[in-house]
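Visitor: I should like a close look at a single part of this protein, followed outward into its surroundings. Could you take me through it in one connected account?

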Amino acid sequence: RWYKDAEKESSIEANAMGLATVSSDGKPSLRKVLLKEVKDHRFIFYTNYKSRKGKEIQHNPSVALLFHWEAHERQVRIEGVAHMLNAEKSDEYFASRPLSSQQAAIASPQSEIIKDRDDLEQRFAKVALDEKALVRPDHWGGYAIEPTVIEFWQGRPSRMHDRIAYTKNEGKDSWSVHRLAP
């Protein structure tokens, strides 16, 4: 319901979520990615596996997500484990993307140092000339985040916010629910 409320707000990109990962030397990193689907109780997004986030997920699949909808004074915080989607699912989503988004995914060596903007534009132009190149690269695909904790936060003017946390019971399909102090 909260997600649907956020979608109705024109000033909100409801599916934008913070994704936190941790490097092999223990340094956290946070960026926005776009939620593309919730399926089988998992949160799905797509990216370049060679990007910083992809490398960090490969090293440590424990991640955190955050949806923040300021206009509604709401946020949803999620902790979980990232699993790569199979090639078939990644192919299906890649094919559904706009042509320019497919081309950009092929042309961009995401998170790599590049010479300049012109270099990136040239890579894009080269891909745009070759229609046969529009195949999902092996280094691009999806992740499904299997949640272990989901916390709902509702802001209040008094700063006595509401926080409700759902924690997945280990080895079970059930959740424990707790109210947390603000």
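**A lysine and its surroundings**

Guide: K53 lies in helix α2. The model in view is a predicted one, and every value below is computed from it. With a relative accessible area of 8%, K53 falls under the 20% limit and therefore counts as buried. Setting aside neighbours within four places in sequence, the residues in contact with K53 are L19, T21, R31, V33, T47 and Q110. With one of them, T47, there is a polar contact between side chains, at 3.2 Å. Ten residues along the chain from K53 is V63, and the C-alpha atoms of the two are 9.9 Å apart.

Helix α2 covers residues 52–59, and the loop that joins α2 to β5 holds P61. P61 has a relative accessible area of 31%, which lies between the limits of 20% and 50%, so this proline is classed as partly exposed. Beyond the four places on either side in sequence, P61 is in contact with G80, V81 and A82. A separation in the other sense is given by D119: this residue is 58 places from P61 along the chain, and their C-alpha atoms are 32 Å apart.

After that loop comes strand β5, residues 62–69, which pairs with β6, residues 74–84, in the antiparallel sense through eight bridges. Within this pairing, A64 of β5 has E79 of β6 as its bridge partner. Four residues lie between the two strands of the hairpin, and E73 adopts a positive phi near 50° there. Strand β6 is also joined to β7, residues 140–154, by eleven bridges, again antiparallel. In that second pairing, Q75 is matched with W153 of β7.

These strands also contribute to the interior. The largest nonpolar core contains 22 residues, and F43, F45, F67 and W69 have the most contacts inside it. At least two residues of this core come from each of α1 (2–8), β1 (16–22), β4 (42–48), β5, β6 and β7. Strand β5 provides the largest share, four residues. In soluble globular proteins, nonpolar side chains tend to be buried together.

F67 shows how such a residue is surrounded. Not counting residues up to four places away in sequence, F67 touches A14, N15, A16, M17, L35, F43, R74, Q75, V76 and I78. A second core, separate from the one just described, has eight residues, including I44, Y46, W140 and A144.

The wider setting can now be added. The protein has five helices and nine strands, arranged from the N terminus in the order α-β-β-β-β-α-β-β-α-α-α-β-β-β. Of the 182 residues, 36% count as buried, and K53 is buried as well. Among contacts between residues at least 6 apart in sequence, 57% join residues at least 24 apart. The C-alpha atoms occupy a box of roughly 55 × 40 × 30 Å along the principal axes. The exposed surface comes to about 11,500 Å², of which carbon and sulfur atoms supply 51%.

Definitions and conventions. Residues are numbered from 1 along each chain as its sequence is written. This is a predicted model: local features need pLDDT of at least 70, side-chain atom pairs count only at pLDDT 80 or more; totals for chains, interfaces and linings use all residues. Side-chain values use heavy atoms; hydrogens and water are left out. Two strands pair if DSSP finds at least two bridges between them. Buried means under 20% relative accessible area, exposed over 50%, partly exposed in between (1.4 Å probe, protein chains only). Contact means heavy atoms within 4.5 Å. A nonpolar core is a set of buried Ala, Val, Leu, Ile, Met, Phe, Trp, Tyr and Cys residues joined through side-chain atoms within 4.5 Å. A polar contact is a pair of N or O atoms within 3.5 Å; within protein, one must be able to donate a hydrogen and the other to accept it, and residues adjacent in sequence count only if both atoms are side-chain atoms. Accessible areas come from the Shrake-Rupley method with a 1.4 Å probe; for residues, only the protein chains shown count as cover.
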